[in-house]
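Please look over the structure shown below before reading on. The report that follows treats its burial, its strands and helices, its surface and its charged pairs in turn.

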Amino acid sequence: MGIIERIKEIEAEMARTQKNKATEYHLGQLKAKIAKLRTQLLEPPKGSSGAGEGFEVTKFGHGRVALIGFPSVGKSTLLTMLTGTHSEAASYEFTTLTCIPGIIHYNDTKIQLLDLPGIIEGASEGKGRGRQVIAVAKSSDLVLMVLDASKSEGHRQILTKELEAVGLRLNKRPPQIYFKKKKTGGISFNSTLPLTHVDEKLCYQILHEYKIHNAEVLFREDATVDDLIDVIEGNRKYIKCVYVYNKIDVIGIDDVDKLARQPNSVVISCNLKLNLDRLLSKMWEEMGLVRVYTKPQGQQPDFSDPVVLSARWLYS
């Protein structure tokens, strides 16, 4: 049985299992098994050189932003409008087949914008070019999830699920859990506040699933089982995401207003060139870039070439 089949079998077992106090330990172990299998799924095949097919491009500028979305939602058109770089756009799906970079000049800074091929449901399992797209997204400082305003809710849930499956955590902070493996001494479990989702027995069972028998665990917040597994895995990427709803010119004003009021969301229309300035402002805000202008001693400040600093370390 392959890894994907084993994952689906465990997911089916979790769906059949009732969620109550008696089954929480069993469900915790199943979640740990799925996390281990998903990690194996992302590893290169044994015997390969490790240099698989991909389309990584060299980082340039003061930040990197990745455009992620389903085929034909307007990613290529958005790249052309914001950067001036031509990316082929057409009325059929999968027009873009590789990664196309462009540069946004905004507030005296250079921001690299990447137009990635559309991903489909099952991308985390290798369908389409999902793994390469998600690998590039992991190296970005911000993700712009481009959605079709007329069918956005279902697409947003599917894309979020695919990204979560490969270890991307959107608009979340790393859990306040201290975890350190030791050579001897057994498992030390402590918390600085009452826990409602995890207890000592459940923590022991999850650690034993990973064959960890000597470790120190300290909870500094009321974290969940999934948070504990993320900390043990140690390969999660916490990244900010802005949900960009394109094609608002084909829906009603009430629907536009509803979408615009959602957290971390911007509504635009590439066709009518609506609200693109607000999108750039939101990108700047979420990336946390700060310009510092230097002043040589005895001379006027240099306002042409600032030093650009970032608050992105808060999410790393």
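## A buried charged pair and its surroundings

Arg236 has a relative accessibility of 19% and therefore counts as buried, where buried means under 20% relative accessible area, exposed means over 50%, and partly exposed lies in between, with a 1.4 Å probe and protein chains only. This is a predicted model, in which local features need pLDDT of at least 70 and side-chain atom pairs count only at pLDDT 80 or more, while totals for chains, interfaces and linings use all residues. Residues are numbered from 1 along each chain as its sequence is written, and side-chain values use heavy atoms, with hydrogens and water left out.

Arg236 forms a salt bridge with Asp230, and their closest N and O atoms are 2.8 Å apart; a salt bridge is a side-chain nitrogen of Lys or Arg within 4 Å of a carboxyl oxygen of Asp or Glu. Asp230 also counts as buried, at 7% relative accessibility. Both residues belong to a network of salt bridges that links Glu164, Arg169, Lys172, Asp230 and Arg236. A search of the whole structure finds 12 salt bridges, and the table lists three of them.

| Pair | Closest N to O distance |
|---|---|
| Arg236 and Asp230 | 2.8 Å |
| Lys172 and Glu164 | 3.5 Å |
| Arg291 and Asp108 | 4.0 Å |

The pair of Arg291 and Asp108 links distant parts of the chain, since Arg291 is in strand 11 and Asp108 is in the loop between strand 2 and strand 3, 183 residues apart. Helices (H or I, at least four residues) and strands (E, at least two) are DSSP runs, numbered from the N terminus. Arg291 is partly exposed at a relative accessible area of 32%, and Asp108 is partly exposed at 45%.

## Helix 7 and the open sheet

How many of the nine residues of helix 7 are buried? Seven are, so helix 7 (residues 225-233) is largely enclosed by the rest of the structure. Among the buried residues are Val225, Leu228 and Asp230. Helix 7 is followed by Gly234, whose phi is positive, near 75 degrees.

Three strands form an open sheet of mixed pairing in the order 6-8-7, and two strands pair if DSSP finds at least two bridges between them. Strand 6 (177-181) and strand 7 (187-191) stand at the edges with a single partner strand each, so one side of each is left without a neighbour in the sheet. Strand 7 and strand 8 (residues 215-219) run parallel and are joined by five bridges; in this part of the sheet, Ser188 stands opposite Glu216 in strand 8.

## Hairpin and surface patch

Strand 2 (residues 100-106) and strand 3 (residues 109-115) pair in the antiparallel sense over seven bridges, and Ile104 has Ile111 in strand 3 as its bridge partner. Their hairpin has two residues between the strands, and Asn107 takes a positive phi near 50 degrees there.

On the surface, Val290, Val292, Val307 and Leu309 make a nonpolar patch of about 300 Å². Patches are made of residues with over 30% relative accessible area and no salt bridge, with like charges joined within 9 Å and nonpolar side chains (Val, Leu, Ile, Met, Phe, Trp, Tyr) within 5 Å, and accessible areas come from the Shrake-Rupley method with a 1.4 Å probe, where for residues only the protein chains shown count as cover. Strand 11 (289-292) and strand 12 (307-310) each supply at least two residues of the patch. Val292, which is found in strand 11, is partly exposed, with a relative accessible area of 34%.
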